[in-house]
Amino acid sequence: MEYAIVKVPAAPVRRKPNHRREMVNQLLFGEAVQILKEKGSLWVKVRSLFDKYEGWMTNTLLEEVTEEEAKADSQFLTAEMLNLANVNTIQTILPIGASLPGYQDNKGAIGRLAYEFYGQSKKRTEQQPDAALLIALTQQWLNAPYLWGGRTIFGVDCSGFVQVNYKMLGVDLPRDAWQQAQEGKSVKKINDAAAGDLAFFDDKEEIVHVGILLDASHIIHASGKVRIDIIDKKGIINSDTGQRTHSLKAIRRFW
């Protein structure tokens, strides 16, 4: 197996080839990987073709495909928080932001697997990054629990939250906050910030957190859960407690 596509709703990616080891990422249905290494009959080290992120998965979550299939530009994405599909006639719930390979007339295929999709879809090439659309997308995530490595409504981390919502707008971002902070254009002052800008926060100079600005004084981010808090030039102030929780390092604009 050299290339594969995720065939389950959300597949855990671990730092080491063991179910007890840290989950560093999730790959969503339809996202493609390159197989870098195999260990035993179960574990494979993969590199996501979407963002180049690496980690270990079990091969039970993947469907083998050709290099051409894996690298094909999958333009259609699931558009609702939860979406109904049949994968080889088995009813499956797909999260928002999952890819739909070979999708046409509500049907598609992943290697030998055929699927039917019954939810709303969006074509990435037809999406224009827009602050109002981004705000509408992100509001649906409120109260989603924080989960290290997560990228779905059932558990998401700060950079996964940003990455999936930007994917819905047709903007590809790296996986981790420190990587995302190297993209886009700098916004010098919080007063110059606009809805959709990303704010980055540090701890001893290391980027450790990211959120999406709703305006120059409010931010939506995954911290404990997806929540809206106050932001000023120093950082985030918890809207419930009034305590400062994160120190602002940088603001970046992506459109």
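Here are some worked exercises on the model above.

The model is predicted, so local features need pLDDT of at least 70 and side-chain atom pairs count only at pLDDT 80 or more, while totals for chains, interfaces and linings use all residues. Residues are numbered from 1 along each chain as its sequence is written, and side-chain values use heavy atoms, with hydrogens and water left out.

**Exercise 1. Overall build**

Work out how many helices and strands the chain has, and what its radius of gyration says.

Step 1. Count elements: there are four helices and 22 strands. Both are DSSP runs, numbered from the N terminus: H or I over at least four residues for helices, E over at least two for strands.

Step 2. Check the radius of gyration, taken over C-alpha atoms, against the globule rule, 2.2 Å times the number of residues to the power 0.38. The chain comes out at 18 Å, close to the 18 Å the rule gives for 255 residues, so it is as compact as a globular protein of that length.

Step 3. Add the extents: the C-alpha trace spans about 50 × 40 × 30 Å along its principal axes.

Step 4. Look at burial, meaning under 20% relative accessible area with a 1.4 Å probe, protein chains only. Of the 255 residues, 51% count as buried.

**Exercise 2. The largest pocket**

Find out which residues lie closest to the centre of the largest pocket, and which element gives the most to its lining.

Step 1. Fix the term. On a 1 Å grid over the protein atoms alone, a pocket is an open set of points where a 1.4 Å probe fits, with protein on both sides within 12 Å along at least five of seven lines; lining residues have an atom within 4 Å of a point.

Step 2. Get the volume, the space filled by probe spheres set on the points, with grid points joined across faces, edges and corners. It is about 420 Å³ for the largest pocket.

Step 3. Go to the centre: of 19 lining residues, Tyr 53, Trp 148, Ser 159, Asp 176 and Trp 178 are the closest.

Step 4. Sort by element. β6 (54-58), α3 (158-168), α4 (177-180) and β18 (206-215) each give two or more residues, and β18 gives the most, with four.

**Exercise 3. The second largest pocket**

Describe the size of the second largest pocket and say which helix gives the largest share of its lining.

Step 1. Its volume is about 330 Å³.

Step 2. There are 18 lining residues, and Leu 49, Phe 50, Ala 72, Asp 73 and Ser 74 lie nearest the centre.

Step 3. Helix α1 (residues 67-71) supplies the largest share, three residues.

**Exercise 4. From β18 to β20**

Trace the strand pairing that starts at β18.

Step 1. β18 pairs with strand β19 (residues 218-223) in the antiparallel sense over three bridges; a pair needs at least two DSSP bridges. Ile 212 has Ile 220 in β19 as its bridge partner.

Step 2. These two strands make a hairpin with two residues between them.

Step 3. β19 then pairs antiparallel with strand β20 (residues 225-231) over six bridges, and Ile 219 stands opposite Asp 229 in β20.

Step 4. The hairpin of β19 and β20 has one residue between the strands, and Gly 224 takes a positive phi near 85 degrees there.

**Exercise 5. A four-stranded sheet**

Explain why β10 and β11 each have a side without a neighbour in the sheet.

Step 1. Write the order: β10-β9-β12-β11, an open sheet with antiparallel pairing.

Step 2. β10 (90-95) and β11 (107-110) stand at the edges with a single partner strand each, so one side of each is left without a neighbour.

Step 3. Zoom in on one pair: strand β9 (residues 82-87) and β10 are antiparallel over six bridges, with Val 87 partnered by Ile 90 in β10.

Terms used
Buried means under 20% relative accessible area, exposed over 50%, partly exposed in between (1.4 Å probe, protein chains only).
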